[in-house]
Amino acid sequence: MDPTTILVIVLVVLLLVVARMSIRIVRQYEKGVLFRLGRVVGVRDPGLRLIIPVIDRLPLVSLRIVTMPIQSQGIITQDNVSVDVSAVAYYRVVDAVKSVIAIENVAAAIDQIAQTTLRKVVGRHTLDQTLSETERINGDIREILDVLTVEWGVEVTLVELKDIQLPDSMKRAMARQAEAEREKRAKIIAAEGEAIAAAALGDASDTMMAHPLALQLRNLQSLVEIGVDKNTTVVFPAPLMSTIGELSAFLARENQAASSGGKSPVKAA
């Protein structure tokens, strides 16, 4: 092969290699940080970008929200209960230059600081607060992470406690507590029902005292209800004192009528 042809082929290959090294594509969700001879000279937006091979370097930084699970941490709460708490954090890069210059590995750094912050915040709360005030704990963790990561050009958008594992002995104790609480509410409801029923019975007795015939009507109604069952024998308590009083009044009226008519009075046995 002719040496000139070989030279041309080599030059073409070199040009293609140089062209490949000079062309960089920045995607829509990325930004490029341009280094020239080791110094930052600017940020490159999405699109086709040209750089000088060997002299320039263009690392790409993703601006999308990153989901980072925080692995389970063994934590002792303020009331000395051992729990295992896991969480999840969401963050995104807001300053591409800081995320490249200020820290070596953003994801690893946020993972480590999130674990320590989770232990610190949950350790300041009791078990009941950890279980019932998760929103406040989430907010506290997020605020602390935001203060620490702002120098890295990173914004923590959300932190959520994902799982809280309790010891078996604590689960049994909480189950007993919940059962006792339910029994307490049941007794209170029953007592309130008894109080309402007693008040209603008192009102009914006052009505019957004002209207004596109401008691007789109630007795007849009870007889009708018992008769539905087709019982052969019915024992029904009669109002003894009122019956004696009515009998005495009847005898008094008979004696008065006999005295006025000249007859001998009727004597009560």
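**Exercise 1. Find out which residues outside its own sequence neighbourhood Asn-138 touches, and whether it is buried or exposed.**

Step 1: skip everything within four places in sequence, and Asn-138 is in contact (heavy atoms within 4.5 Å) with Val-159, Glu-160 and Leu-161.
Step 2: place the residue; Asn-138 sits in helix α5. Helices (H or I, at least four residues) and strands (E, at least two) are DSSP runs, numbered from the N terminus.
Step 3: check the cover. Asn-138 has a relative accessible area of 6%, so it is buried; the cut-offs are under 20% for buried, over 50% for exposed and partly exposed in between, with a 1.4 Å probe and protein chains only.

A word on the ground rules. This is a predicted model, where local features need pLDDT of at least 70, side-chain atom pairs count only at pLDDT 80 or more, and totals for chains, interfaces and linings use all residues. Residues are numbered from 1 along each chain as its sequence is written, and side-chain values use heavy atoms, with hydrogens and water left out.

**Exercise 2. Work out how far the predictor trusts the chain.**

Step 1: take the mean. pLDDT, the predictor's confidence in each residue from 0 to 100, averages 82 over the chain, and 84% of the residues reach 70 or more.
Step 2: look for a weak stretch. Over residues 264-269 pLDDT stays under 50, and the model has seven contacts beyond four places in sequence for them.

**Exercise 3. Describe the largest nonpolar core and the residues at its centre of contacts.**

Step 1: get the membership. A nonpolar core is a set of buried Ala, Val, Leu, Ile, Met, Phe, Trp, Tyr and Cys residues joined through side-chain atoms within 4.5 Å. The largest one has 32 residues, and Leu-118 and Ile-141 touch the most other members.
Step 2: list the suppliers. At least two residues each come from β2 (30-36), β7 (66-76), β8 (82-93), α3 (106-123), α5 (134-149) and β9 (154-165). Helix α3 gives the most, with seven residues.
Step 3: bring in the domains, whose bounds come from an automatic or database domain assignment. Domain 1 (8-62) and domain 2 (65-166) each put at least three residues into this core.
Step 4: zoom in on Leu-118. Not counting residues up to four places away in sequence, Leu-118 touches Ile-70, Gln-73, Ile-75, Val-85, Ala-87, Ile-141 and Leu-161.

**Exercise 4. Locate Tyr-29 and its partners.**

Step 1: Tyr-29 lies in the loop between β1 (23-26) and β2.
Step 2: its relative accessible area is 27%, so Tyr-29 is partly exposed.
Step 3: ignoring neighbours within four places in sequence, Tyr-29 is in contact with Val-61, Ser-62, Leu-63 and Arg-64.
Step 4: take one of these, Ser-62. Tyr-29 and Ser-62 are 33 residues apart in sequence, yet their C-alpha atoms are 6.0 Å apart.

**Exercise 5. Give the loop and the phi angle for Leu-37 and for Asn-80.**

Step 1: Leu-37 is in the loop between β2 and β3 (39-44), and its phi is near 55°, a positive value in a residue other than glycine. Leu-37 has 68% relative accessibility, so it counts as exposed.
Step 2: Asn-80 is in the loop between β7 and β8. Phi of Asn-80 is near 65°, again positive in a residue other than glycine. With a relative accessible area of 66%, Asn-80 is exposed.
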